[in-house]
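User: Hi, I'm new to this one and would like a quick tour. Could you pull it up so we can chat through it?

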Amino acid sequence: MKKCLRYFLAIIPVTMLMTLAQPVLAAAVELSVADSIALALQNNHELKYAQSAREKAYWAMQAARSSKGFSLDFTHTDQRYNTPPAATGTSTYEYTSDFTNQLVLTLPLYSGGKLEKQIKQAAIEHTVADLEVEAAKQQLKLTVVSNYLAVLEYRNEVRVNQETVRNYEEHLQLVKNKYDLGLVAKTDVLSSQVDLAGAQDNLVKAQNNYTNAAAALNNAIGLPHAAEVTLKDEFAYEKYPRTLAECLQYAIEHRPELEQYEAQIASANYAVDIAKSDRRPTVNLTAEQGWYDSHFIGAKNSNWLVKLTTSLNLFDTGLTSANINQARHNAAMVLDKAEQQRDTILLNVREYYLSMQEAEKRIDSNKVSVNYAAESLMIQKARYEAGVGTNLDLRDAVLSLDSAQKDYIQALYDYNLNKVKLEQAMGLPVQ
């Protein structure tokens with residue numbers, strides 16, 4: 001009995017360990033486009049980096065503002081030293097202790113405009129960092145929605161391929177039945193088998209593409225790559241309400257990167273003024289209050305001092321001139337980069353808008369093609385079963401429906417993808 005009890009107690013931990021080691025099947029996560037964007041906004045590391053950079057810029061601005069105010073420093077010094085005998089007229093060293101306390105207040109009265117410009121420059125850099133967060137959100141939305149659309153595209157492509165495989169399987173069975181009755185040649189069976197194998201190969205590829213697209217979406221929104229996701233939304237088509245001219249104007253007024261460059265141009269101009277300030281005098285006010293004593297804590301012998309200090313750089317071997325020229329060229333570089341960025345953004349808006357329109361036209365035509373191809377397949381099936389149609393006609397009909405359905409899916413994908421690209425290029429805010 002004791003032996004059985006020991007065996008039972010020994011096997012319990014092993015059983016528990018084996019139970020805990022069993023994989024837990026997590027339920028599929030249902031996601032809409034809005035859900036995906038919300039998850040990405042919570043989990044994306046690049047966005048968190050931009051938000052931290054904004055906070056850093058805020059405190060840099062606070063530091064710049066603080067440099068304009070006064071500073072108050074307290075210094076306490078303890079020292080003990082000896083005096084040689086020759087100096088004291090005695091034959092022994094004398095030891096002395098000094099305790100000193102000092103308060104120093106410093107206030108910059110005039111900096112040649114440097115401090116004021118540095119404060120404005122820091123405020124601009126904070127604005128740039130804030131706009132960078134908005135730009136990161138818009139780029140993140142583009143990435144997430146693009147990945148979401150890719151999953152939709154491959155999911156629909158898998159369905160089309162599954163339907164094509166079924167059509168070829170049904171047709172192959174029909175051909176085999178006719179072959180068994182001696183109504184068709186062996187070549188009809190072989191060609192139908194080749195078509196089925198090709199359709200099955202396309203299905204495998206589409207399933208793999210779907211799996212990879214789902215992993216990319218999970219990566220963008222911060223889920224484990226292997227997490228199973230179920231998409232709530234389908235491809236949607238609504239005619240875009242804005243004209244191309246309206247989209248271009250909206251981009252000029254709202255694209256964060258353009259606002260960033262405008263702020264960076266102003267910051268670069270302030271840098272020129274900051275460099276020039278080294279040619280101007282600086283004026284500082286200093287007030288000191290001190291106490292010194294031979295006994296701790298040193299609170300006797302009070303003394304004070306107030307002074308006004310003016311400094312002027314008379315010669316620095318061309319350093320100030322070099323800094324000014326460097327700042328001027330930097331301002332010119334920022335301006336050129338801003339113009340280039342503006343042209344690129346407007347070109348992107350035009351490109352995505354026209355591509356969206358082109359996909360919109362294909363949606364209508366491909367939808368009609370799908371209906372015609374489906375009807376043609378039904379007719380060819382009936383003709384083949386009745387013995388008046390050929391195997392090649394029926395195979396072509398299956399292939400035509402497969403191609404029409406995929407063209408329709410591609411048109412919907414292209415329309416939605418170019419739409420989200422257009423909105424990002426315009427600078428639409430992320431809701």
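**A first look around**

Analyst: Let's start with one residue: Leu103 has a relative accessibility of 31%, so this residue counts as partly exposed. Keep in mind that this is a predicted model.

User: Okay, where is Leu103 found?

Analyst: Leu103 is in strand β3. Together with Phe70, Leu72 and Phe74, Leu103 makes a nonpolar surface patch of about 430 Å².

User: Which strands does β3 pair with, and in what sense?

Analyst: One partner is strand β2, residues 71-83, which pairs with β3 (residues 94-110) in the antiparallel sense over 13 bridges. Another is strand β5, residues 282-293, again antiparallel with β3, over 11 bridges.

User: Can you give me some residues to look for there?

Analyst: Sure. On the β2 side, look for Asp73, which stands opposite Val104 in β3. Towards β5, Phe99 stands opposite Asp293.

User: Switching to the inside now. In the largest nonpolar core, which residues touch the most other members?

Analyst: That core has 53 residues, and the ones touching the most other members are Val144, Tyr240, Val349, Leu422 and Met426. The elements giving two or more residues to this core include the helices α2 (33-43), α3 (45-66), α5 (114-180) and α6 (186-221), as well as strand β4 (229-231). Also on that list are α7 (244-254), α9 (319-386) and α10 (391-426).

User: Which one gives the most?

Analyst: α5 does, with 12 residues.

User: Why would so many nonpolar residues gather like that?

Analyst: As a general tendency, nonpolar side chains in soluble globular proteins are buried together.

User: Let's zoom in on Val349. What is Val349 in contact with?

Analyst: If we skip the neighbours within four places in sequence, Val349 is in contact with Leu244, Cys247, Leu248 and Ala251, and also with Leu422, Ala425 and Met426. There's also another core, lying apart from the largest one, with 20 residues, among them Leu172, Leu196, Val370 and Leu377.

User: New topic: charges. How many salt bridges does a search of the whole structure find?

Analyst: The search finds 15 of them. A good one to click on is Asp35 with Lys232, where the closest N and O atoms are 3.5 Å apart. That pair links distant parts of the chain: Asp35 is in helix α2, Lys232 is in the loop between β4 and α7, and they are 197 residues apart.

User: Are Asp35 and Lys232 buried or exposed?

Analyst: In between, actually. Asp35 has 29% relative accessibility, so Asp35 counts as partly exposed. Lys232 has 48%, so Lys232 is partly exposed too.

User: And which salt bridge has a buried residue?

Analyst: Take Glu257 and Arg255, whose side chains meet in a salt bridge at 2.6 Å, N to O. Glu257 is buried at 15% relative accessible area, and Arg255 counts as buried at 8%. The cut-off for buried is under 20%.

User: What about Asp414 and Arg362?

Analyst: Their side chains also form a salt bridge, 2.6 Å from N to O. Asp414 lies in helix α10 and Arg362 in helix α9, so this pair ties together parts that are 52 residues apart in sequence. Asp414 counts as buried because its relative accessibility is 17%, while Arg362, at 22%, counts as partly exposed. There's a little network as well: salt bridges with shared partners join Arg155, Arg159 and Glu234.

User: Last thing, the backbone. Where is there a cis peptide bond?

Analyst: The bond from Phe296 to Ile297 is cis, with omega near 15 degrees. Ile297 sits in the loop between β5 and β6 (303-311).

User: Why flag that?

Analyst: Because most peptide bonds are trans, and most residues other than glycine have a negative phi.

User: Okay, so which residues have a positive phi?

Analyst: Asn301 is one of them, with phi near 55 degrees, and Asn301 is found in the loop between β5 and β6. Thr317 is another, with phi near 60 degrees, and its place is the loop between β6 and α9.

User: How accessible are Asn301 and Thr317?

Analyst: Asn301 counts as partly exposed because its relative accessibility is 40%. Thr317 has a relative accessible area of 67%, so Thr317 is exposed.

Definitions and conventions
Residues numbered from 1 in each chain as written. Predicted model: local features only at pLDDT ≥ 70, side-chain atom pairs only at ≥ 80, totals over all residues. Heavy atoms only, no water. Pairing = 2+ DSSP bridges. Helix = DSSP H or I, 4+ residues; strand = E, 2+ residues; numbered from the N terminus. Core = buried A, V, L, I, M, F, W, Y, C linked by side-chain atoms within 4.5 Å. Buried < 20%, exposed > 50% of the residue type's maximum accessible area, 1.4 Å probe, protein only. Contact = heavy atoms within 4.5 Å. Patch = residues over 30% accessible without salt bridge, like charges linked within 9 Å, V, L, I, M, F, W, Y side chains within 5 Å. Areas by Shrake-Rupley, 256 points an atom, 1.4 Å probe, with all protein chains shown as cover. Salt bridge = Lys/Arg side-chain N within 4 Å of Asp/Glu carboxyl O.
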